[in-house]
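Visitor: Please take a close look at a single part of the molecule shown here, and connect what you find there with the rest of the chain.

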Amino acid sequence: MGYSWDELLAIVTIASIVGGFLIYLLNLAIKNGTEKLSNMVKDLIVRIDNLNHTMNSIESTANRTADRVDSLEERFEEHVGEAKVRNQKIKALEHEVFGRSENE
């Protein structure tokens with residue numbers, strides 16, 4: 001090739017500087033691109049966590065509501081039973097006091 005050692009070292013140095021600069025630019029481009037993606041993923045994770053919290057809250061409220069409905073149904077059935085007993089007592093008293101028959 002006919003190059004002296006000084007010329008070969010100068011070529012290697014120039015190639016190294018150009019290569020290093022290209023690697024720097026590539027890293028910078030990757031960092032900027034992935035940083036935006038990373039921020040979007042972080043935002044998505046926060047939104048998913050908020051959605052999960054909201055769903056847990058809705059589930060808890062639904063469970064409490066179901067428990068309250070079950071309790072109210074039981075109380076309603078108790079009141080219906082008590083009302084039937086009272087109606088029977090009233091009919092018995094009417095029959096006793098007024099001498100009415102049950103068919104009237």
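Guide: What follows is one connected account of helix α1 and the side chains along it. The model is a predicted one, in which local features need pLDDT of at least 70 and side-chain atom pairs count only at pLDDT 80 or more, while totals for chains, interfaces and linings use all residues. Residues are numbered from 1 along each chain as its sequence is written, and side-chain values use heavy atoms, leaving out hydrogens and water.

The protein chain has one helix and zero strands (DSSP runs numbered from the N terminus, H or I of at least four residues for helices, E of at least two for strands). With a radius of gyration of 43 Å, well over the 13 Å that the globule rule gives for 104 residues, the chain is more spread out than a compact globule (the radius is taken over C-alpha atoms, and the rule is 2.2 Å times the number of residues to the power 0.38). Its C-alpha trace spans about 140 × 15 × 15 Å along the principal axes, and 0% of the 104 residues count as buried (buried is under 20% relative accessible area, exposed over 50%, partly exposed in between, with a 1.4 Å probe and protein chains only).

The chain exposes about 9,900 Å², of which carbon and sulfur atoms supply 61% (Shrake-Rupley areas with a 1.4 Å probe; for residues, only the protein chains shown count as cover). Helix α1 covers residues 5-98 and includes Y24, which helps to make a nonpolar surface patch of about 690 Å² together with I14, V18, F21, L22, L25 and L28 (patch residues have over 30% relative accessible area and no salt bridge, nonpolar Val, Leu, Ile, Met, Phe, Trp and Tyr side chains being joined within 5 Å and like charges within 9 Å). From L22 in that patch, the C-alpha of E35 is separated by 20 Å, with the two residues 13 apart along the chain; E35 is also in helix α1 and is partly exposed at 41%.

A negative surface patch is formed by D67, D70, E73, E74, E77 and E78, and D70, a residue of helix α1, is partly exposed at 40%. A search of the whole structure finds one salt bridge (a side-chain nitrogen of Lys or Arg within 4 Å of a carboxyl oxygen of Asp or Glu), in which the side chains of E82 and R86 meet at 3.6 Å, N to O. These partners are four residues apart in helix α1, and so about one helical turn separates them; E82 is partly exposed at 38%.

Conventions:
Lys, Arg positive; Asp, Glu negative; His and termini not counted. Charge placed at Lys NZ, Arg CZ, Asp CG, Glu CD.
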